[in-house]
Amino acid sequence: MGGTNVWDAEWEVNEEQARTLIGRQFPQLSSKQVKRLGWGWDNTVFLIGDEYVFRFPRRTIAVGSIRMEGKLLPKLEAYMTIPYPKPLFYGEASDEYPAPFLGYAYVPGDFPIGLTEERRALSAETLAKFLRRLHEFPVQAALKCGVQQDHRNLTDIASRKVKLEGFLSKVVEHLSPEESGVIEAYISRLQKDRVEAVNALLHGDLHFKNMLVNENGIVSGIIDWGDLSVGHPACDLSVAYSFLPPYARGVFFETYGGADEETKLLARLIAVYIPILILMQAVDDGNETIAAEAKSNIMRALSD
(Lines give C-alpha, C1' and ligand atoms only; values in the text may rest on other atoms or scores of the structure.)
Protein backbone atom coordinates (compact mmCIF):
# COMPACT_ATOMS: atom_id res chain seq x y z
CA MET A 1 0.00 0.00 0.00
CA GLY A 2 1.22 3.50 -0.84
CA GLY A 3 1.08 6.45 1.53
CA THR A 4 -1.74 8.97 1.55
CA ASN A 5 0.02 12.17 0.51
CA VAL A 6 -2.13 14.36 -1.73
CA TRP A 7 0.55 14.09 -4.40
CA ASP A 8 0.76 10.29 -4.37
CA ALA A 9 0.03 8.83 -7.79
CA GLU A 10 -2.94 6.59 -8.47
CA TRP A 11 -1.12 5.06 -11.46
CA GLU A 12 2.62 4.92 -11.93
CA VAL A 13 3.86 4.47 -15.49
CA ASN A 14 7.44 3.33 -16.04
CA GLU A 15 9.45 3.44 -19.29
CA GLU A 16 8.59 -0.18 -20.17
CA GLN A 17 4.84 0.39 -19.77
CA ALA A 18 5.00 3.69 -21.67
CA ARG A 19 6.81 1.95 -24.54
CA THR A 20 4.15 -0.79 -24.65
CA LEU A 21 1.18 1.58 -24.45
CA ILE A 22 2.58 3.93 -27.11
CA GLY A 23 3.73 1.11 -29.42
CA ARG A 24 0.34 -0.58 -29.30
CA GLN A 25 -1.62 2.52 -30.29
CA PHE A 26 1.03 4.23 -32.44
CA PRO A 27 3.05 1.45 -34.12
CA GLN A 28 4.97 4.02 -36.17
CA LEU A 29 6.69 5.09 -32.93
CA SER A 30 7.50 1.61 -31.65
CA SER A 31 11.15 1.64 -32.80
CA LYS A 32 11.91 4.93 -31.00
CA GLN A 33 13.70 5.21 -27.69
CA VAL A 34 11.55 6.00 -24.64
CA LYS A 35 13.08 8.02 -21.82
CA ARG A 36 11.37 9.35 -18.72
CA LEU A 37 11.89 13.11 -18.56
CA GLY A 38 10.26 13.69 -15.22
CA TRP A 39 6.99 13.78 -13.38
CA GLY A 40 4.90 16.45 -11.79
CA TRP A 41 1.96 16.46 -9.49
CA ASP A 42 -0.42 15.28 -12.22
CA ASN A 43 1.54 13.66 -15.06
CA THR A 44 4.52 11.47 -15.87
CA VAL A 45 6.39 12.72 -18.93
CA PHE A 46 8.39 10.70 -21.48
CA LEU A 47 10.60 11.72 -24.38
CA ILE A 48 10.04 9.56 -27.48
CA GLY A 49 13.05 9.61 -29.80
CA ASP A 50 13.98 13.26 -29.84
CA GLU A 51 10.86 14.67 -31.45
CA TYR A 52 7.84 13.83 -29.26
CA VAL A 53 6.84 14.12 -25.63
CA PHE A 54 4.07 11.97 -24.10
CA ARG A 55 2.23 12.86 -20.90
CA PHE A 56 0.45 10.19 -18.87
CA PRO A 57 -1.91 11.32 -16.10
CA ARG A 58 -0.92 9.99 -12.66
CA ARG A 59 -4.24 10.82 -11.02
CA THR A 60 -7.95 10.83 -11.95
CA ILE A 61 -8.05 14.58 -11.37
CA ALA A 62 -5.56 15.10 -14.24
CA VAL A 63 -7.68 13.30 -16.85
CA GLY A 64 -10.06 16.21 -17.49
CA SER A 65 -7.08 18.49 -18.04
CA ILE A 66 -5.50 16.11 -20.62
CA ARG A 67 -8.86 15.93 -22.49
CA MET A 68 -9.22 19.71 -22.44
CA GLU A 69 -5.65 20.24 -23.69
CA GLY A 70 -6.30 17.78 -26.50
CA LYS A 71 -9.27 19.85 -27.65
CA LEU A 72 -8.01 23.38 -27.08
CA LEU A 73 -4.25 23.38 -27.76
CA PRO A 74 -4.60 22.66 -31.52
CA LYS A 75 -7.02 25.61 -31.79
CA LEU A 76 -4.40 27.95 -30.34
CA GLU A 77 -1.96 27.43 -33.19
CA ALA A 78 -2.98 30.55 -35.13
CA TYR A 79 -2.53 32.63 -31.96
CA MET A 80 0.87 31.28 -30.93
CA THR A 81 3.96 33.43 -31.47
CA ILE A 82 6.28 31.21 -29.37
CA PRO A 83 6.68 27.43 -29.95
CA TYR A 84 4.46 25.27 -27.73
CA PRO A 85 3.76 21.53 -27.44
CA LYS A 86 0.99 20.88 -29.93
CA PRO A 87 -0.89 17.57 -29.43
CA LEU A 88 -0.29 15.09 -32.27
CA PHE A 89 -1.08 11.66 -30.75
CA TYR A 90 -4.29 10.98 -28.82
CA GLY A 91 -3.91 7.82 -26.70
CA GLU A 92 -7.13 6.08 -25.58
CA ALA A 93 -7.79 4.51 -22.19
CA SER A 94 -7.51 0.69 -22.21
CA ASP A 95 -7.58 -2.33 -19.87
CA GLU A 96 -3.86 -1.83 -19.25
CA TYR A 97 -4.05 1.85 -18.42
CA PRO A 98 -7.32 3.50 -17.38
CA ALA A 99 -6.74 7.02 -18.72
CA PRO A 100 -6.28 8.84 -22.01
CA PHE A 101 -2.76 10.14 -22.68
CA LEU A 102 -1.33 12.70 -25.10
CA GLY A 103 1.71 12.92 -27.36
CA TYR A 104 3.01 16.34 -28.33
CA ALA A 105 5.69 17.85 -30.56
CA TYR A 106 8.86 18.18 -28.44
CA VAL A 107 9.88 21.79 -27.83
CA PRO A 108 13.66 22.10 -27.36
CA GLY A 109 15.33 24.63 -25.04
CA ASP A 110 16.72 25.14 -21.55
CA PHE A 111 15.00 26.38 -18.42
CA PRO A 112 15.77 30.08 -17.77
CA ILE A 113 17.76 29.46 -14.60
CA GLY A 114 20.51 31.84 -13.50
CA LEU A 115 20.13 34.22 -16.46
CA THR A 116 21.58 37.73 -16.19
CA GLU A 117 19.16 40.66 -16.05
CA GLU A 118 20.43 41.81 -19.49
CA ARG A 119 19.55 38.44 -21.03
CA ARG A 120 16.11 38.48 -19.42
CA ALA A 121 15.38 41.95 -20.77
CA LEU A 122 15.86 40.64 -24.33
CA SER A 123 12.56 38.71 -24.02
CA ALA A 124 10.35 41.65 -22.98
CA GLU A 125 8.71 42.14 -26.40
CA THR A 126 8.64 38.40 -27.19
CA LEU A 127 6.71 37.65 -23.99
CA ALA A 128 4.39 40.66 -24.37
CA LYS A 129 3.44 39.74 -27.97
CA PHE A 130 2.86 36.14 -26.95
CA LEU A 131 0.51 37.13 -24.11
CA ARG A 132 -1.28 39.80 -26.16
CA ARG A 133 -2.20 37.17 -28.78
CA LEU A 134 -3.04 34.42 -26.27
CA HIS A 135 -5.33 36.79 -24.34
CA GLU A 136 -7.15 37.63 -27.60
CA PHE A 137 -8.38 34.05 -28.00
CA PRO A 138 -12.22 34.02 -27.81
CA VAL A 139 -13.24 33.13 -24.25
CA GLN A 140 -16.47 31.41 -25.36
CA ALA A 141 -14.55 29.05 -27.65
CA ALA A 142 -12.26 28.16 -24.75
CA LEU A 143 -15.17 27.47 -22.39
CA LYS A 144 -16.71 25.16 -25.01
CA CYS A 145 -13.53 23.04 -24.81
CA GLY A 146 -14.10 22.50 -21.08
CA VAL A 147 -11.74 25.13 -19.69
CA GLN A 148 -12.46 26.12 -16.09
CA GLN A 149 -13.41 29.69 -15.28
CA ASP A 150 -11.55 31.44 -12.45
CA HIS A 151 -11.45 28.28 -10.31
CA ARG A 152 -8.62 29.83 -8.26
CA ASN A 153 -10.37 33.12 -7.35
CA LEU A 154 -7.51 35.11 -8.79
CA THR A 155 -9.10 38.48 -7.98
CA ASP A 156 -9.48 37.74 -4.25
CA ILE A 157 -6.36 39.49 -2.95
CA ALA A 158 -7.33 39.29 0.73
CA SER A 159 -7.40 35.48 0.85
CA ARG A 160 -4.25 35.17 -1.29
CA LYS A 161 -2.49 37.49 1.16
CA VAL A 162 -3.45 35.20 4.06
CA LYS A 163 -2.14 32.15 2.17
CA LEU A 164 1.06 34.00 1.31
CA GLU A 165 1.67 34.74 5.01
CA GLY A 166 1.22 31.04 5.76
CA PHE A 167 3.69 30.04 3.03
CA LEU A 168 6.21 32.61 4.22
CA SER A 169 6.17 31.21 7.75
CA LYS A 170 6.99 27.77 6.28
CA VAL A 171 10.04 28.92 4.30
CA VAL A 172 11.28 31.80 6.44
CA GLU A 173 14.26 29.81 7.78
CA HIS A 174 15.41 29.27 4.17
CA LEU A 175 15.47 33.02 3.48
CA SER A 176 18.00 35.62 4.54
CA PRO A 177 16.74 38.23 7.06
CA GLU A 178 16.88 40.76 4.21
CA GLU A 179 14.77 38.59 1.90
CA SER A 180 12.11 37.84 4.49
CA GLY A 181 12.10 41.52 5.53
CA VAL A 182 11.39 42.65 1.96
CA ILE A 183 8.57 40.08 1.57
CA GLU A 184 7.00 40.93 4.96
CA ALA A 185 7.09 44.67 4.19
CA TYR A 186 5.42 44.00 0.83
CA ILE A 187 2.65 41.90 2.38
CA SER A 188 1.91 44.51 5.03
CA ARG A 189 1.60 47.22 2.33
CA LEU A 190 -1.01 45.19 0.41
CA GLN A 191 -4.15 47.04 1.38
CA LYS A 192 -6.54 46.20 -1.46
CA ASP A 193 -8.93 43.28 -0.83
CA ARG A 194 -9.94 42.42 -4.36
CA VAL A 195 -9.77 43.63 -7.95
CA GLU A 196 -12.44 43.76 -10.62
CA ALA A 197 -12.87 40.49 -12.55
CA VAL A 198 -11.58 40.36 -16.14
CA ASN A 199 -11.83 37.29 -18.37
CA ALA A 200 -9.14 36.13 -20.77
CA LEU A 201 -7.79 32.73 -21.76
CA LEU A 202 -4.73 32.11 -19.55
CA HIS A 203 -1.76 29.77 -19.69
CA GLY A 204 -2.37 29.88 -15.93
CA ASP A 205 1.02 28.71 -14.67
CA LEU A 206 3.65 30.90 -16.29
CA HIS A 207 6.92 30.57 -14.39
CA PHE A 208 10.54 29.55 -14.99
CA LYS A 209 9.81 25.80 -14.86
CA ASN A 210 7.30 26.15 -17.71
CA MET A 211 9.41 28.41 -19.94
CA LEU A 212 12.29 27.50 -22.23
CA VAL A 213 15.07 29.71 -23.62
CA ASN A 214 17.50 29.34 -26.53
CA GLU A 215 21.30 29.64 -26.35
CA ASN A 216 20.99 33.46 -26.21
CA GLY A 217 18.66 33.25 -23.22
CA ILE A 218 15.64 34.42 -25.26
CA VAL A 219 12.31 32.72 -24.53
CA SER A 220 11.85 30.02 -27.19
CA GLY A 221 9.13 27.79 -25.79
CA ILE A 222 6.17 27.80 -23.38
CA ILE A 223 5.32 24.35 -22.02
CA ASP A 224 2.97 22.63 -19.57
CA TRP A 225 -0.48 23.95 -20.50
CA GLY A 226 -2.35 21.85 -17.92
CA ASP A 227 -3.58 24.97 -16.10
CA LEU A 228 -5.23 26.56 -19.15
CA SER A 229 -8.18 28.48 -17.72
CA VAL A 230 -10.25 31.62 -18.09
CA GLY A 231 -9.58 34.39 -15.61
CA HIS A 232 -7.72 37.62 -14.88
CA PRO A 233 -4.86 38.32 -17.34
CA ALA A 234 -2.70 39.47 -14.38
CA CYS A 235 -2.09 35.78 -13.70
CA ASP A 236 0.05 35.49 -16.88
CA LEU A 237 1.29 39.09 -16.77
CA SER A 238 3.07 38.17 -13.54
CA VAL A 239 6.08 37.25 -15.74
CA ALA A 240 6.70 40.98 -16.21
CA TYR A 241 7.66 41.01 -12.51
CA SER A 242 9.11 37.55 -11.82
CA PHE A 243 11.05 37.14 -15.09
CA LEU A 244 11.84 40.65 -16.36
CA PRO A 245 14.07 43.23 -14.66
CA PRO A 246 12.29 46.47 -13.66
CA TYR A 247 13.77 48.47 -16.56
CA ALA A 248 12.23 46.09 -19.16
CA ARG A 249 8.68 46.29 -17.82
CA GLY A 250 7.80 49.55 -19.59
CA VAL A 251 8.44 48.05 -23.01
CA PHE A 252 6.63 44.85 -21.98
CA PHE A 253 3.39 46.64 -21.02
CA GLU A 254 3.62 49.01 -23.99
CA THR A 255 3.91 46.04 -26.39
CA TYR A 256 1.19 44.09 -24.57
CA GLY A 257 -1.18 47.04 -24.92
CA GLY A 258 -1.22 48.55 -21.47
CA ALA A 259 -2.49 47.33 -18.12
CA ASP A 260 -4.21 49.33 -15.40
CA GLU A 261 -2.85 49.75 -11.87
CA GLU A 262 -5.12 47.03 -10.45
CA THR A 263 -3.82 44.55 -13.03
CA LYS A 264 -0.21 45.44 -12.22
CA LEU A 265 -0.86 45.12 -8.49
CA LEU A 266 -2.34 41.64 -8.95
CA ALA A 267 0.39 40.62 -11.44
CA ARG A 268 3.09 41.50 -8.90
CA LEU A 269 1.29 39.60 -6.14
CA ILE A 270 1.12 36.46 -8.30
CA ALA A 271 4.80 36.96 -9.22
CA VAL A 272 5.60 36.55 -5.51
CA TYR A 273 2.98 33.89 -4.82
CA ILE A 274 3.97 31.34 -7.50
CA PRO A 275 7.74 31.37 -6.72
CA ILE A 276 7.02 30.99 -2.99
CA LEU A 277 5.07 27.82 -3.83
CA ILE A 278 7.98 26.63 -6.01
CA LEU A 279 10.40 27.47 -3.18
CA MET A 280 8.36 25.38 -0.70
CA GLN A 281 8.47 22.40 -3.05
CA ALA A 282 12.20 22.87 -3.79
CA VAL A 283 13.02 22.98 -0.07
CA ASP A 284 10.99 19.80 0.37
CA ASP A 285 12.88 18.11 -2.52
CA GLY A 286 16.26 19.45 -1.36
CA ASN A 287 16.73 21.13 -4.76
CA GLU A 288 19.15 24.04 -4.16
CA THR A 289 19.18 25.27 -7.78
CA ILE A 290 15.40 25.59 -8.04
CA ALA A 291 15.19 27.12 -4.55
CA ALA A 292 17.79 29.78 -5.45
CA GLU A 293 16.02 30.61 -8.72
CA ALA A 294 12.64 30.88 -6.94
CA LYS A 295 14.14 33.29 -4.38
CA SER A 296 15.69 35.47 -7.06
CA ASN A 297 12.29 35.55 -8.87
CA ILE A 298 10.62 36.82 -5.70
CA MET A 299 13.27 39.50 -5.08
CA ARG A 300 13.09 40.62 -8.73
CA ALA A 301 9.29 40.84 -8.52
CA LEU A 302 9.59 43.10 -5.47
CA SER A 303 12.20 45.45 -6.95
CA ASP A 304 11.21 48.54 -8.92
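Student: In this predicted model, in what sense of crossing, left-handed or right-handed, does α6 pass α11?

Tutor: The model is a predicted one. Helix α6 spans residues 157-171 and helix α11 spans residues 261-285, and their axes lie 10 Å apart at an angle of about 35°. The crossing in which α6 passes α11 is left-handed.

Student: By class, which residues make up the contact of α6 with α11?

Tutor: On the α6 side the contact includes I157, L164, F167 and K170, and on the α11 side it includes L265, V272, Y273 and M280. Sorted by class, the contact holds no polar residues, three charged ones and 14 nonpolar ones.

Student: R268 lies in helix α11; is R268 buried or exposed?

Tutor: Residues under 20% relative accessible area count as buried. The relative accessible area of R268 is 17%, and therefore R268 is buried.

Student: Which residue has its backbone oxygen 2.7 Å from a polar atom of the R268 side chain?

Tutor: Leaving aside neighbours within four places in sequence, R268 is in contact with residues including Y186, Y241, R249 and D304. A301 is also one of these contacts. The backbone oxygen at 2.7 Å from a polar atom of the R268 side chain belongs to A301.

Student: What is the strand order of the open sheet of five strands?

Tutor: The pairing in this sheet is antiparallel, and the twist averages 25° from one strand to the next. The edge strands, each pairing on one side only, are β1 (34-39) and β4 (87-91). The order is β1-β2-β3-β5-β4.

Student: Why is β3 described as largely enclosed by the rest of the structure?

Tutor: From β3, Y52, F54 and F56 point one way, while V53, R55 and P57 point the other way, and all are buried. The strand is largely enclosed because the buried residues of β3 number six of the six.

Student: Which residue of β3 is the bridge partner of F46?

Tutor: Strands β2 and β3 pair in the antiparallel sense over six bridges. Their hairpin has three residues between the strands, and G49 there takes a positive phi near 60°. The bridge partner of F46 in β3 is F54.

Student: Which residue in β5 stands opposite Y52?

Tutor: β3 and β5 pair in the antiparallel sense, with four bridges. Opposite Y52, the residue in β5 is A105.

Student: Which residue in β5 stands opposite G91?

Tutor: Strand β5 covers residues 101-105 and pairs with β4 in the antiparallel sense over four bridges. Opposite G91 in β5 stands F101.

Student: At about what angle to β5 does helix α2 run?

Tutor: Two helices lying across strands of this sheet may be taken in turn. Helix α1 (residues 15-25) lies across β1, β2, β3, β4 and β5, and runs at about 115° to β1. Helix α2 (residues 63-72) lies across β2, β3, β4 and β5. The angle of α2 to β5 is about 40°.

Student: In the open sheet of three strands, what is the strand order?

Tutor: The pairing in this sheet is mixed. Strands β6 (148-149) and β7 (200-202) are the edge strands, each pairing on one side only. The order is β6-β10-β7.

Student: Which residue in β10 stands opposite Q148?

Tutor: β6 pairs with strand β10 (residues 229-231) in the parallel sense over two bridges. The residue of β10 opposite Q148 is S229.

Conventions: Residues numbered from 1 in each chain as written. Predicted model: local features only at pLDDT ≥ 70, side-chain atom pairs only at ≥ 80, totals over all residues. Heavy atoms only, no water. Pairing = 2+ DSSP bridges. Axes fitted to C-alpha atoms, helices over the stretch in contact; angles between N-to-C directions. Left-handed = near helix turned anticlockwise from the far one by under 90°. Contact = heavy atoms within 4.5 Å. Nonpolar A, V, L, I, M, F, W, Y, C, P; charged D, E, K, R; others polar. Buried < 20%, exposed > 50% of the residue type's maximum accessible area, 1.4 Å probe, protein only. Polar contact = N/O pair within 3.5 Å; in protein donor to acceptor, adjacent residues only side chain to side chain.
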